[in-house]
Every structure is written in C-alpha cells, then in structure tokens.
Amino acid sequence: LGAGLFIYQDIAGDSRLSTTQVNLSLSSVITINTAHKISAGIQGGFAQRKLNETGLHWGAQYDANGYAPQIASGESGVFENYTYGDFSLGVSWSYGESATNMSSNNHLAANAGIAMYHLNTPKQGLDLDKLHREFIAHAGFNIGVKGTSLSLVPAILYLQQGPLNEITAGGMLRHTIREESKYTGLLKETAVLLGAYYRVGDAFIPSFMFELSNFALGISYDVNISSLKEASDGAGGFEISFRYITPNPFRYGKGTKYTPML
C-alpha cells in the first residue's frame with residue numbers, strides 16, 4: 001500500500017484570486033509475476049476558490065475625474081467563496097526484465113498508465129464553468145543497448161480535458177559514466193542523459209539530465225514553434241528539475257533485478 005498528501009495554493013492578481021487544494025491518495029501494487037506489476041490508486045479531497053474584491057476597479061466606478069472608489073461597483077455578492085470536492089483514479093502497468101549480467105547491458109523495462117481526474121466534474125464557483133474530466137495516458141521504455149554503456153529512454157504523454165488536448169513525445173539517450181560498485185557500494189552509479197521532446201503544435205524541448213545514485217538534476221528549454229512564435233520570437237522558458245527516486249531504476253547489480261521507472 002502507498003499513501004500520499006497533496007497540498008497546493010496559488011494566489012494571483014489584484015483580486016488576490018486564490019485556489020487552495022488538499023487531496024489524499026491511496027494506492028496498491030499487485031505483483032503478477034517476477035516481471036509484471038499492476039498498480040492502482042484513488043485520490044480525493046477538496047478545493048476552495050476565493051478572491052478579494054477590494055483590489056478590483058470596475059468601469060462603473062469611474063467618473064469625469066477618474067476612478068472614484070466611493071461609487072458602488074454593482075458587483076457585490078457575485079464572487080462568494082466556494083468549496084468543492086474533487087475525486088480521481090488511475091491504474092498503471094510496469095514490466096522489467098532481470099539483468100543477470102551488468103556488462104551486457106541487455107535490460108528492458110516498460111511502463112504505461114491511464115488516469116481520470118475530476119470524476120465528479122465539480123462546479124468551481126465564482127461563476128466559473130464546471131471542471132471537465134481530465135484524461136491522462138502515458139507510456140515509457142528503458143532499453144539497454146547491448147554491449148555498450150548506453151540506454152534509450154523514449155516516452156509519450158497524452159492529456160485531454162474537455163475540448164483541449166496535448167501530446168508530448170520524445171526521448172533521451174542515457175550514458176553510464178560509472179557503474180555502482182557491486183560489492184562495497186562505495187562507488188555510486190553516475191550517468192548523463194541528453195535528448196529532446198516535442199509538444200505537438202507548440203514547442204520543441206531539448207533536455208539534459210545528470211544522475212548520481214538516486215538523485216538527478218535536469219534542465220530543459222521550451223523553444224516556441226507555435227503560431228505565437230511571431231510574438232515571442234521563438235523564445236520559451238527554462239525549467240530546472242530535481243528528482244530523488246528509490247530504488248534507482250537503472251541500478252541492477254549482483255543479486256538484484258532491474259526495476260522500471262514509473
């Protein structure tokens with residue numbers, strides 16, 4: 001069994017529009033055999049939307065001399081605080097071959113999953129529409145190139161919410177700089193990953209990652225290729241990530257088996 005707690009808050013704009021979410025998660029992993037596992041999880045909690053009208057200026061509050069806060073906006077009572085429940089679920093499958101010979105680098109792993117968010121399509125309040133259900137599907141592989149220190153790590157992600165959808169696909173090439181010591185454990189696995197992803201109709205994303213044992217530090221940059229590139233001049237944004245994962249999905253030393261990354 002696994003359990004998780006998710007807490008999120010965002011406050012934005014002159015209205016101090018805030019979104020607060022608290023969700024609890026429960027999951028379970030079912031071992032089919034030595035190579036196949038299935039996991040399923042549920043998530044539920046609540047969210048609250050609210051804003052502070054005192055920071056807003058309305059057209060009705062302007063006269064010949066400019067903004068006049070003493071004039072009633074006529075908007076009072078519309079934006080009341082609103083709390084709603086939110087529920088989600090998902091299932092995933094993973095596959096990992098045992099690697100009995102580290103030097104052969106012949107490991108293979110795969111994972112895939114689907115999830116559905118906002119099952120109850122909750123009303124958000126503040127005169128906003130109901131949340132559409134969000135569907136997410138993903139798949140990925142870790143493929144060792146036999147007789148080398150290289151691994152291929154392709155992946156694809158699909159998201160759909162109401163009329164909107166997004167597809168991101170690509171991969172990275174992983175080069176093992178140093179394998180972990182089989183016996184003492186004093187030397188830690190070290191690797192670098194280089195690759196790129198493509199978000200269909202939106203961006204090209206070159207990516208780099210450095211791994212040391214169970215830790216990884218990554219950097220990527222979105223190169224805008226959508227119709228907005230004329231305004232942005234192709235500029236996107238940097239993203240820096242830090243990851244800790246255990247067990248390390250690439251570590252498959254003596255007496256252990258390869259475990260895929262979820």
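Tyr8 has a relative accessible area of 35%, so this residue is partly exposed. Its ring partner in this predicted model is Phe6, which at 37% relative accessibility also counts as partly exposed. The centres of the Phe6 and Tyr8 rings are 6.4 Å apart and the planes meet at 10 degrees, so the pair is stacked. Planes under 30 degrees apart are what the stacked class requires. A tilted pair is formed by Tyr62 and Tyr67, with 5.3 Å from centre to centre and 55 degrees between the planes. Tyr62 is partly exposed because its relative accessible area is 42%, and Tyr67, with 30%, is partly exposed as well. In total, seven aromatic pairs are counted. Phe215, Phe242 and Tyr244 come together as one aromatic cluster.

The chain as a whole gives the setting for these details. The protein chain contains one helix and 15 strands. Of its 262 residues, 31% are buried. Among contacts with a separation of 6 or more, 46% are between residues 24 or more positions apart. The accessible surface of the chain is about 15,800 Å², and carbon and sulfur atoms account for 61% of that surface.

The residues of the aromatic cluster return in a description of the surface. Phe215, Phe242 and Tyr244 belong to a nonpolar surface patch of about 1,300 Å². The other members of the patch are Ile177, Leu194, Phe208, Phe210, Leu212, Leu217, Ile219, Phe238 and Ile240. Which strands supply at least two residues of the patch each? They are strand 12 (203-212), strand 13 (215-221) and strand 15 (238-244). Strand 15 gives the largest share, with four residues. Phe210 is located in strand 12. Its relative accessibility is 35%, so Phe210 counts as partly exposed. Patch residues must have over 30% relative accessible area, and the value of 35% for Phe210 can be read against that cut-off.

Strand 12 also carries charged side chains. Side chains of opposite charge can pair when their charged atoms come close. Five salt bridges are counted in the model. In one of them, Arg174 pairs with Glu211, and the closest N and O atoms are 2.8 Å apart. This pair links distant parts of the chain, with Arg174 in strand 10 (residues 164-178) and Glu211 in strand 12, 37 residues apart. Are these two partners buried or exposed? Arg174 is buried because its relative accessible area is 1%, and Glu211 counts as buried at 3% relative accessibility.

Glu211 takes part in another salt bridge, in which its side chain meets that of Arg243 at 3.0 Å, N to O. Glu211 lies in strand 12 and Arg243 in strand 15, so this pair ties together parts that are 32 residues apart in sequence. Arg243 has 23% relative accessibility and therefore counts as partly exposed. Through salt bridges that share partners, Arg174, Glu189, Glu211 and Arg243 are joined into one network.

A further salt bridge is formed by the side chains of Asp202 and Arg199, with 2.8 Å from N to O. Asp202 has a relative accessible area of 29% and so is partly exposed. Arg199, with 17%, is buried, because the buried class takes in values under 20%.

The last part of the picture is the nonpolar interior. Which residues make up the largest nonpolar core? This core has five residues, namely Val153, Met172, Leu193, Met209 and Ala216. Leaving aside residues up to four places away in sequence, Met209 touches three other members of the core, among its contacts being Met172, Leu193 and Ala216. Outside the core list, the contacts of Met209 include Ala191, Val192, Gly218 and Ser241. Leu217 and Arg243 are also touched by Met209. Leu217 is a member of the nonpolar surface patch, and Arg243 is a member of the salt-bridge network. Met209 therefore has contacts to residues named in the core, the patch and the network.

Key:
Residues numbered from 1 in each chain as written. Predicted model: local features only at pLDDT ≥ 70, side-chain atom pairs only at ≥ 80, totals over all residues. Heavy atoms only, no water. Patch = residues over 30% accessible without salt bridge, like charges linked within 9 Å, V, L, I, M, F, W, Y side chains within 5 Å. Areas by Shrake-Rupley, 256 points an atom, 1.4 Å probe, with all protein chains shown as cover. Salt bridge = Lys/Arg side-chain N within 4 Å of Asp/Glu carboxyl O. Buried < 20%, exposed > 50% of the residue type's maximum accessible area, 1.4 Å probe, protein only. Phe/Tyr/Trp six-rings, centres within 6.5 Å; stacked < 30°, edge-to-face > 60°. Core = buried A, V, L, I, M, F, W, Y, C linked by side-chain atoms within 4.5 Å. Contact = heavy atoms within 4.5 Å.
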